[in-house]
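The following paragraphs offer a guided reading of a protein structure for someone meeting it for the first time. Please keep the sequence and the model in view while reading.

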Amino acid sequence: MSIDVNNESGTEVDEQAVLDIARYALARMRIHPLSELSVIVVDADAMEQLHIQWMDLPGPTDVMSFPMDELRPPGKDDEEPPQGLLGDIVLCPEVAAQQGKDAPTEHSMDEELQLLTVHGVLHLLGYDHEEPDEKAEMFGLQAAIVDGWRAERGLTGPSPAPTVS
C-alpha cells in the first residue's frame, strides 16, 4: 500500500499513526495492496478555502475526501480486490483539536485525526452518511476499524466517539 502523509499545517501531528490507521483501514476493507492514497494535513485557512471551493460552505471543516478511481471494496471474500488511486484525504488539526475537546468522551487531537482518517478512507470507498441507514453503516464500520486498530496496539480506554456529522 502506497500512502503518503504530507503535513503542511504547521501543527505537530502523529503522522505515523495517521499512516498506520489508514493502512489498517484499507486492509480491513480489502483494498488491493498496490493501491495509492494521499493524506494532506492543512491549517484552518487552507481547509476553509477547500471547503468553500468544493462544498460551497463557509469555514474550515475537519476532513475532506477527493476520490480518484472510485474504488470499492470487493463484495465477496473470493473476489479480487480493486487496485488503483484511491485519492486524497485532507485533514485539519485545528478543527480536530476542538472536536476532540467537545466530544462526549474528550480525546486528543491525534485520536480525532485517526478517527477522521478512517472517516476519509470510507468516503473514498463510496460510503456516505446523508441518510440514516447510510450513517449507521458508515459509522459502524468506522467504529469497528478504529476499535480494531486500537486493540491491536494495546491502546486502552474508550475509542473516540464519532464527532463528524
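Is strand β4 largely enclosed by the rest of the structure or largely exposed? The model is a predicted one, and in it strand β4 covers residues 85-91. Five of the seven residues of this strand are buried, so β4 is largely enclosed by the rest of the structure.

The sheet gives β4 its setting. Four strands form an open sheet in the order β1-β2-β4-β3, and their pairing is mixed. At the edges stand β1, residues 2-7, and β3, each of which pairs on one side only. On average, neighbouring strands of this sheet are turned by 15° against each other, with direction ignored. As a general matter, the strands of a sheet pair through backbone hydrogen bonds, and they do so in either a parallel or an antiparallel manner.

Both senses of pairing can be seen at β4. With strand β2, residues 36-41, β4 runs parallel, and six bridges join the two. With β3, the pairing of β4 is antiparallel and extends over five bridges. Individual residues show how these pairings meet. G87 in β4 is the bridge partner of L37, and G87 is also the bridge partner of P67. F66, for its part, stands opposite D88 in β4. In a regular strand, side chains alternate between the two faces of the sheet.

A helix accompanies these strands. Helix α1, residues 15-28, lies across β1, β2 and β4, and runs at about 150° to β1.

F66 deserves a second look, since this residue also takes part in a ring pair. How many aromatic pairs does the model contain? The count comes to one aromatic pair. The rings concerned are those of W54 and F66, whose centres are 5.6 Å apart and whose planes meet at 70°; the pair is therefore edge-to-face, given that an angle over 60 degrees counts as such. The two residues come from distant parts of the chain: W54 belongs to helix α2, residues 44-55, and F66 to strand β3, residues 63-67, with their positions 12 residues apart in sequence. F66 is buried, because its relative accessible area is 19% and the limit for a buried residue is under 20%.

Another ring has a charged neighbour. K135 lies over the face of F139, at 5.5 Å from the ring centre.

Attention may now turn to helix α4. This helix comprises residues 109-124 and includes H119. H123 also has its place in helix α4. Which residues does the UniProt record mark as "binding site"? In an unreviewed entry, UniProt places this feature at H119, H123 and H129. The two histidines of helix α4 can be compared by their accessibility. H119 counts as buried, because its relative accessibility is 2%. H123 has a relative accessible area of 23% and is therefore partly exposed. Leaving out residues up to four places away in sequence, H123 touches S65, D128, H129 and M138. H129 is thus both a contact of H123 and one of the positions that the UniProt record lists.

Q114 is also placed in helix α4. With a relative accessible area of 9%, Q114 is buried. Its contacts, apart from neighbours within four places in sequence, are A17, I21 and W149.

Further along the chain, E137 is found in helix α5, residues 132-152. Its relative accessibility of 47% means that E137 counts as partly exposed. The C-alpha atom of E137 is separated by 19 Å from that of V63, and the two residues are 74 residues apart along the chain.

Two loop residues conclude the account. Most residues other than glycine have a negative phi. Where, then, do the positive values of R30 and D56 occur? R30, whose phi is near 60°, is found in the loop between α1 and β2. D56, with a positive phi of about 55°, has its place in the loop between α2 and β3. R30 is partly exposed, with a relative accessible area of 26%, whereas D56 counts as exposed at 65% relative accessibility.

Note on methods:
Residues are numbered from 1 along each chain as its sequence is written. This is a predicted model: local features need pLDDT of at least 70, side-chain atom pairs count only at pLDDT 80 or more; totals for chains, interfaces and linings use all residues. Side-chain values use heavy atoms; hydrogens and water are left out. Rings of Phe, Tyr and Trp (its six-membered ring) pair if their centres lie within 6.5 Å; planes under 30 degrees apart count as stacked, over 60 as edge-to-face and the rest as tilted. Buried means under 20% relative accessible area, exposed over 50%, partly exposed in between (1.4 Å probe, protein chains only). A charge sits over a ring if NZ of Lys or CZ of Arg is within 6 Å of the ring centre and within 35 degrees of the ring normal. Two strands pair if DSSP finds at least two bridges between them. Axes are lines fitted to C-alpha atoms, for helices over the stretch in contact, and angles run from 0 to 180 degrees between N-to-C directions. Contact means heavy atoms within 4.5 Å. UniProt positions are given in the numbering used here, feature names are shortened, and annotations may be inferred rather than shown by experiment.
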